[in-house]
Amino acid sequence: MEKQPRLLCSQLSVGGRVCDVTLSSSFLSWREVVDSSKKRTAANVYGPLKAAGSHCVPVCEIIAIQETEEDCPSTNVGKWQKVPQNPAGSNQHAFTVSYVERTLKHRWRCSEVTLHCPDRKLCLQWVQAIREQLALLTIRPKRLLVYINPHGGKQRGKRIYEQKVAPIFSRASITTDVIVTERANHARDHLKTEADLKKYDGVVCVGGDGMFSEIMHGLISRTQCDSGVDQSCADETLIPCGLRIGIIPAGSTDCICYATVGCNDPVTSALHIVVGDSQPLDVCSVHQNNAFLRYSVSLLGYGFYGDVLMDSERKRWMGPARYDISGVKTFLSHRYYEGTISFLPADGSVGTPRDKIQCRSGCNICQLPSADKAVYKVEDKNKDVWQVIRGKFLAINAACMSCACPRSPKGLSPSAHLADGTADLILVRKCSRLDFLRHLLRHTNKNDQFDHPFVEVYRVRQFRFTPRYQETDSELDLREAEGSSSKHFFTQICREHQACSCAPTHSSWNCDGEILPHGAIQVSVQGEQKWSKNIPMGNSSSEVVQS
Ligand SMILES: CCCCCCCCCCCCC/C=C/[C@@H](O)[C@H](COP(=O)(O)O)NC(=O)CCCCC
Ligand SMILES: Nc1ncnc2c1ncn2[C@@H]1O[C@H](COP(=O)(O)OP(=O)(O)O)[C@@H](O)[C@H]1O
Ligand SMILES: [Ca+2]
């Protein structure tokens, strides 16, 4: 730890023990004063007593500070009144500091410590000094606009917010305007046209990926509209949004929260929001022939995940279990889809989907500014050449981030980066049910899900997909020229007789958990530099923050 100039240093009492308490611009620390004249015991000869009595909290992780009023019942009047509470018996002036404590599996909790002072003047001096340090943390939000989807996940959004999140915001003196949505797209429309965004430092989404997507669409559309940017043009440079989005997980998959924070725990997310953590995210824009369709930040999946979603929407009443039932049903149906995928590969400097590098908060690759990425460029002849793959697929997935979630803790693409300007394109070709099951099961364990001959994965900047039934005559002719003449004859019959029994099967896209019925799409990953302000709050990996 780098030595910081001390702002304040006193001997205060913590839990009945006298401690040296120090405040610097970076840390608040307290260490029990060990009486050297005390007889040495086995416990303190080797130092554990001293170590156990030593604590250090980064100032940036202090949630709040307040003067403590210590009350206890008076015996004669039956009322509560202030009495001295210091076990040392010498004072009644204390202040309480609430701070972040890291627990297992990336979870954060709010802890408290009460420090007793010998007099009020010193107590106020400490409260003032800590408040001044907190006031310097300007990245922290003060006013938030909160949208709650009461029907997401197990329908616990409202309760989660009221019981677990609101008390933390209130302790951190964050003021909120809360809107419980009354219909799908309520939050999106409100953000797009009505909300007075100047009043807020951020927007909070209480719900799942679908709800996050609604809010993201509202904010992006509002910003583009205010700036006169036409979203329907696939090549248009988008204007960054000025507000961050915080996620309180209360949905069914919560993959955007899980993949960014490392867990789907509402208290952890609330604490990340309070301390002002942020993480830029890549956003994919999805178009069809110059018509804007949607944005995506997690999964764009055609075939298997599109079909799971389509089936699961009819079972919403089941809550998150709908995905398991629809997953099994879709797996058993074993449908495959034919089509053409073309993609623009990413530059080699952003790594590969199989390099086993895990993206974390502060990731080196995501932090490279785009100009530096160009300097690092590995000369790659294929860089600007579209690659084309035709075939029969069980699933075509594009993951802008790992898509880690409780069902798959490492995710669909474990090495995908959060903000590198690329997506991982995963093609699962037609294979046997058993092979597909092997592939799916590898999402739930440590084995490499890409290590199958029928799975291909590419890191891409853009891609296009055209299902066979939407291919133009010239595309079909090209394909048929590659195939046999009998195939050509067969295809002609099918194209001319739409009602024949061999009509192609259609899937739809799963776009962050929302159904996109369009088959043919064009997708571009908007570089993170364009989205550096449109970021979820509450999403740094604790492993990095701890280091
Ligand atoms: C037989 C064992 C099968 C195990 C398969 C496990 C594979 C899990 C991969 C999960 C990828 C999740 C990608 C996330 C997508 C979400 O955006 C989306 C919407 O989330 P929400 O709004 O919170 O509901 N969720 C899904 O599409 C669910 C996919 C579940 C597939 C089983
Ligand atoms: N009040 C509401 N009533 C019905 N649907 C809503 C409401 N608010 C939001 N939605 C929609 O619910 C869908 C699912 O929301 P989400 O929070 O992602 O839950 P889940 O993770 O269970 O799918 C989203 O498409 C969102 O637009
Ligand atoms: Ca990415």
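This section describes a calcium site and a set of salt bridges in a predicted model.

The calcium ion (ligand 3) is coordinated by five residues of the protein, namely Asp 282 (OD), Cys 400 (O), His 417 (O), Asp 420 (OD) and Thr 422 (O). The distances from these donors to the ion run from 2.3 to 2.6 Å. Along the chain, the donors of this ion are arranged with the spacing D-x117-C-x16-H-x2-D-x1-T. Within this set, Cys 400 and Thr 422 link distant parts of the chain, being 22 residues apart. Both Cys 400 and Thr 422 lie in the loop between strand S18 (387-399) and strand S19 (423-429). Cys 400 has a relative accessible area of 2% and is therefore buried. Thr 422 is likewise buried, its relative accessible area being 4%.

Salt bridges were then examined. In total, 23 salt bridges are counted in the model. One of them joins Arg 335 to Asp 307, with 3.5 Å between the closest N and O atoms. Arg 335 is placed in the loop between helix H10 (321-333) and strand S17 (337-345), whereas Asp 307 belongs to helix H9 (residues 304-313), so this salt bridge ties together parts that are 28 residues apart in sequence. The two partners are not alike in accessibility: Arg 335 is partly exposed, at 36% relative accessibility, while Asp 307 is buried, with a relative accessible area of 8%.

Further salt bridges involve Asp 311. The side chain of Asp 311 meets that of Lys 315 in a salt bridge with an N to O distance of 2.5 Å. Both residues of this pair are buried, the relative accessible area being 14% for Lys 315 and 7% for Asp 311. Asp 311 also forms a salt bridge with Lys 329, for which the closest N and O atoms are 2.7 Å apart. Because Asp 311 lies in helix H9 and Lys 329 in helix H10, this pair ties together parts separated by 18 residues in sequence. Lys 329 has a relative accessibility of 46% and thus counts as partly exposed. Through shared partners, the salt bridges of this region join Asp 311, Arg 314, Lys 315 and Lys 329 into one network.

Helix H9 thus contributes Asp 307 to the salt bridge with Arg 335 and Asp 311 to the salt bridge with Lys 329.

Note on methods
Residues numbered from 1 in each chain as written. Chains lettered and ligands numbered in written order. Predicted model: local features only at pLDDT ≥ 70, side-chain atom pairs only at ≥ 80, totals over all residues. Heavy atoms only, no water. Donors = N, O, S within 2.8 Å, 3.2 Å for Na, K, Ca; no water. Helix = DSSP H or I, 4+ residues; strand = E, 2+ residues; numbered from the N terminus. Buried < 20%, exposed > 50% of the residue type's maximum accessible area, 1.4 Å probe, protein only. Salt bridge = Lys/Arg side-chain N within 4 Å of Asp/Glu carboxyl O.
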